[in-house]
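Please walk me through the fold of this chain, beginning with its sheet and then turning to its nonpolar interior.

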Amino acid sequence: MSENRINTIFFGNNGLILDCLIKNSNVKSVFCQPLEKSNVNRIEITETTDKYSIPFHEPDRKELYNYIDYIKDLNPDLIVVCGYKYIIRNEIFNIPRFKSINIHPSYLPNYRGQHVVNWAVANGENETGVTIHFVDKGIDTGDIIIQKKVPILFEDSANTLHDRIYHDACELLKYFLNTISSGKFLQAKKQDDSEASYFRPRNPEDGIIDWNRDGIEIYNLIRALVKPWPGAYGYIKGKKIILWGAQFEADSSIYSSPSEIIAISDSNLVISVKGGKLSIDNYTILDKNGNEIKLELQIGDKFEKESD
C-alpha cells in the first residue's frame, strides 16, 4: 500500500529500472552523469522525471559531493544505482536507512566491471545473469541480496540480451522493494572473490575483426557490438565497413580464404570464415573521415584487419 512505500533516490540511466522504482516506491530525486542532450537514455530519463515532477540532477564527478546535504535532507530509505558510471563514496551510499543497492547485469561474482553484457556475448557465454547487491567501496563487490541466471541464446545480440536481463532485474527489484516495505529483510551473502572475474570498459578498437579467428568467434563479436554500440568492423580497399547484423552457418565445404566475400544478394553479403560462413544483412561503409559512403563490393573482395 502507498503508506508503506519507501523513499528512494535513483542514480543511473536505465529508464526501465526508473519506471519500476516509480511504480513501487516514492522516488524523491534522480541523478544521472552528464550526457549529451541527444543521448537516448538521457532523453528517456528526463521525459520520465518531467512527467512525474521528480527533481533531476546531472552533476559531474566532483559536483556530486556538493549534494550530500541535499540527499540527507530528502531522508531516503534506499539509494538504487543502475548504470551510473561514477563511483559513489560511502559519504553518500551510507546515508539511507537501508543503505544503497546496485543492479548489475551479470551473475556475480562473475563478470564484474563495465560493458559486461557485451563481453559475455563476445566471449560466447551460454549464460549470464542479473544481481542486486549492496554498494560498498569496491566495484561490484558488495554483498549479494538476490540474483537470477539468464540464458544467452545463440541468436541473441547484446540488445536482446540487455532487454531480457533488465526485464528480470525489474522483477527482482519489485520483489526486494515490496519485501522491505513490509518490514521484512532478505539475507545478503558475501561474494566469493576467488570466483570473481573482472572486465574493463570496451572501446571502439575492441571491434576490429581478426579474420584469422574462428567464424563463431567473429559472429559473437558482431552480435556483441550491434547498435547503439560502435560495431565490429574490418576494411576493404581502405574503407571501414561496420557489420551490424550477422548469421553464422557452420560449413566445412567452403574452400575460400577467410574474410573473402563469396556471395552478394541485394544488400546482403556472404563472407567466408573459418568453419563456415557469415551472412551480413546490415552494414555501413565509411571513408577515412568517418563519412558514410557507397562502395561497390564484389565477390572475391577480402576484408583486412587494418586500413591501407
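**An open sheet and the cores**

In this predicted model, 5 strands form an open sheet in the order E10-E11-E14-E13-E12, with antiparallel pairing; strands, like helices, are DSSP runs numbered from the N terminus (at least two residues for E, at least four for H or I), and two strands pair if DSSP finds at least two bridges between them. Because strand E10 (232-236) and strand E12 (261-265) stand at the edges with a single partner strand each, one side of each has no neighbour in the sheet. Averaged over the sheet and ignoring direction, neighbouring strands are turned by 40 degrees against each other, where axes are lines fitted to C-alpha atoms, for helices over the stretch in contact, and angles run from 0 to 180 degrees between N-to-C directions.

E12 is joined to strand E13 (residues 268-273) by 4 bridges, the two running antiparallel, and Ser 265 stands opposite Asn 268 in E13. Helix H7 (residues 215-224) packs on the sheet, touching E10, strand E11 (239-250), E13 and strand E14 (276-286), and its direction makes about 120 degrees with that of E11.

The largest nonpolar core, a set of buried Ala, Val, Leu, Ile, Met, Phe, Trp, Tyr and Cys residues joined through side-chain atoms within 4.5 Å, where buried means under 20% relative accessible area with a 1.4 Å probe and protein chains only, has 67 residues, and Ile 17 and Ile 103 have the most contacts inside it. Helix H6 (residues 158-181) supplies the largest share of this core, 11 residues. Apart from it lies another core of 15 residues, including Phe 11 and Val 135.

Residues are numbered from 1 along each chain as its sequence is written. Local features need pLDDT of at least 70 and side-chain atom pairs count only at pLDDT 80 or more, while totals for chains, interfaces and linings use all residues, and side-chain values use heavy atoms, leaving out hydrogens and water.

Methods
Buried < 20%, exposed > 50% of the residue type's maximum accessible area, 1.4 Å probe, protein only. Contact = heavy atoms within 4.5 Å.
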